[in-house]
Amino acid sequence: DTKAELVGLQEIDVNNERSGKHLNQAKKLAELTGMHYYFSKGIDYRGGGFGTAILSMYPISAMETFPLPEQTGTERRTLSIVSVELPTGKTIRFGNTHLDYTSDANALAQAKAITKYFEDETLPVVLVGDFKVEEESQTMAHLDKAFERTCEQGCPKTFPVVKANKTIDFIMYTQDIGIRTMAHEVIQEHFASDHLPVWAKLKIEQ
């Protein structure tokens with residue numbers, strides 16, 4: 001309903017026993033919305049896969065799943081990345097992630113791996129995800145060195161979906177590369193997830 005042109009989704013089931021051995025949630029959501037998609041598997045789960053997905057209204061290429069550091073006994077997390085060709089002819093990199101919730105230390109290690117991955121990137125980068133940590137965390141302090149958040153202070157809470165009291169879902173982009181935030185909103189939609197969806201309107205200079 002928001003007409004979002006790029007979407008990052010977390011906790012996506014693909015062909016597993018929980019949601020259906022013949023149901024690829026990423027593919028089905030792409031079909032329902034008329035978008036392109038990329039699924040990034042984090043782990044094998046109950047005969048299928050479990051991970052994150054990117055939906056794009058525009059053609060995607062250079063799709064990649066980058067494994068993030070993991071502590072012993074924790075669930076593997078990934079950074080999924082695609083290149084998106086916008087109608088203006090400009091290409092951006094779009095990343096989606098779901099960091100570890102067990103400790104800020106592990107989330108910080110994963111954030112460092114993400115900034116390392118993008119440190120030589122020359123294209124504009126938009127990064128979204130469930131970062132599992134709040135604004136004052138070391139993890140966000142590290143990411144703030146490389147990225148600009150669409151909401152930096154006093155951001156609406158995103159979790160849990162009812163009576164939300166934490167802001168742990170963010171949209172951000174590389175600094176000083178011609179991207180500006182035009183609007184930021186947390187949508188009060190309580191059906192699809194245990195998190196509230198985050199929406200932002202960005203302007204990308206030509």
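Start by selecting Phe66, Tyr117, Phe118 and Phe147, which together make up one aromatic cluster. Keep in mind as you look around that this is a predicted model.

Within that cluster, zoom in on Phe118 and Phe147. Their ring centres lie 6.3 Å apart and their planes meet at 85°, so this is an edge-to-face pair. Colour by secondary structure and you will see that the pair links distant parts of the chain: Phe118 sits in helix 2 and Phe147 in strand 9, 29 residues apart. Are these two rings buried or exposed? Phe118 has a relative accessible area of 5%, so it is buried. Phe147, at 2% relative accessibility, counts as buried too. If you would like to hunt for further ring pairs, the structure holds 4 aromatic pairs.

Next, show the sheet. Its 6 strands run in the order 5-6-7-8-10-9, forming an open sheet with mixed pairing. Select residues 60–67 for strand 5 and 147–149 for strand 9: these are the edge strands, each pairing on one side only. Looking across the sheet, you will find a twist that averages 20° from one strand to the next.

Now bring helix 2 into view by selecting residues 104–118. This helix packs on the sheet and touches strands 5, 6, 7, 8 and 9. Its direction makes about 30° with that of strand 6.

For a closer look at one edge, select strand 5 together with strand 6, residues 78–85. The two pair in the antiparallel sense over 6 bridges. Which residue of strand 6 stands opposite Ile60? Pick Val84 and you have it.

Time to go inside. The largest nonpolar core has 18 residues, and Phe131 and Met172 touch the most other members. At least two residues of this core come from each of strand 6, helix 2, strand 8, helix 3 (138–143) and strand 10 (169–174). Helix 2 gives the largest share, 5 residues. Centre on Phe131 and display its neighbours: leaving out residues up to four places away in sequence, Phe131 touches Thr97, Leu99, Met140, Leu143, Ile168, Phe170 and Met172. Then move on to a second, separate core of 16 residues; Ile54, Ile92, Val126 and Val128 are among them.

The last stop is charge. Side chains of opposite charge can pair when their charged atoms come close. A search of the whole structure finds 9 salt bridges, and three of them make a pleasant finish.

- Select Asp13 and Arg18, whose closest N and O atoms are 2.8 Å apart in a salt bridge. Asp13 is buried, at a relative accessible area of 3%, whereas Arg18 counts as partly exposed at 43%.
- Select Arg93 and Glu121, which meet in a salt bridge of 3.6 Å, N to O. Here distant parts of the chain are linked: Arg93 lies in strand 7 and Glu121 in the loop between helix 2 and strand 8, 28 residues apart. Arg93 is buried at 7%, while Glu121 is partly exposed at 28%.
- Select Asp144 and Arg149, a salt bridge with its closest N and O atoms 2.7 Å apart. Asp144 counts as partly exposed at 27% relative accessibility, and Arg149 as buried at 8%.

Before you leave, add Glu135 to that last selection: Glu135, Asp144 and Arg149 are linked in a network of salt bridges.

Technical notes. Residues numbered from 1 in each chain as written. Predicted model: local features only at pLDDT ≥ 70, side-chain atom pairs only at ≥ 80, totals over all residues. Heavy atoms only, no water. Pairing = 2+ DSSP bridges. Helix = DSSP H or I, 4+ residues; strand = E, 2+ residues; numbered from the N terminus. Axes fitted to C-alpha atoms, helices over the stretch in contact; angles between N-to-C directions. Contact = heavy atoms within 4.5 Å. Core = buried A, V, L, I, M, F, W, Y, C linked by side-chain atoms within 4.5 Å. Buried < 20%, exposed > 50% of the residue type's maximum accessible area, 1.4 Å probe, protein only. Phe/Tyr/Trp six-rings, centres within 6.5 Å; stacked < 30°, edge-to-face > 60°. Salt bridge = Lys/Arg side-chain N within 4 Å of Asp/Glu carboxyl O.
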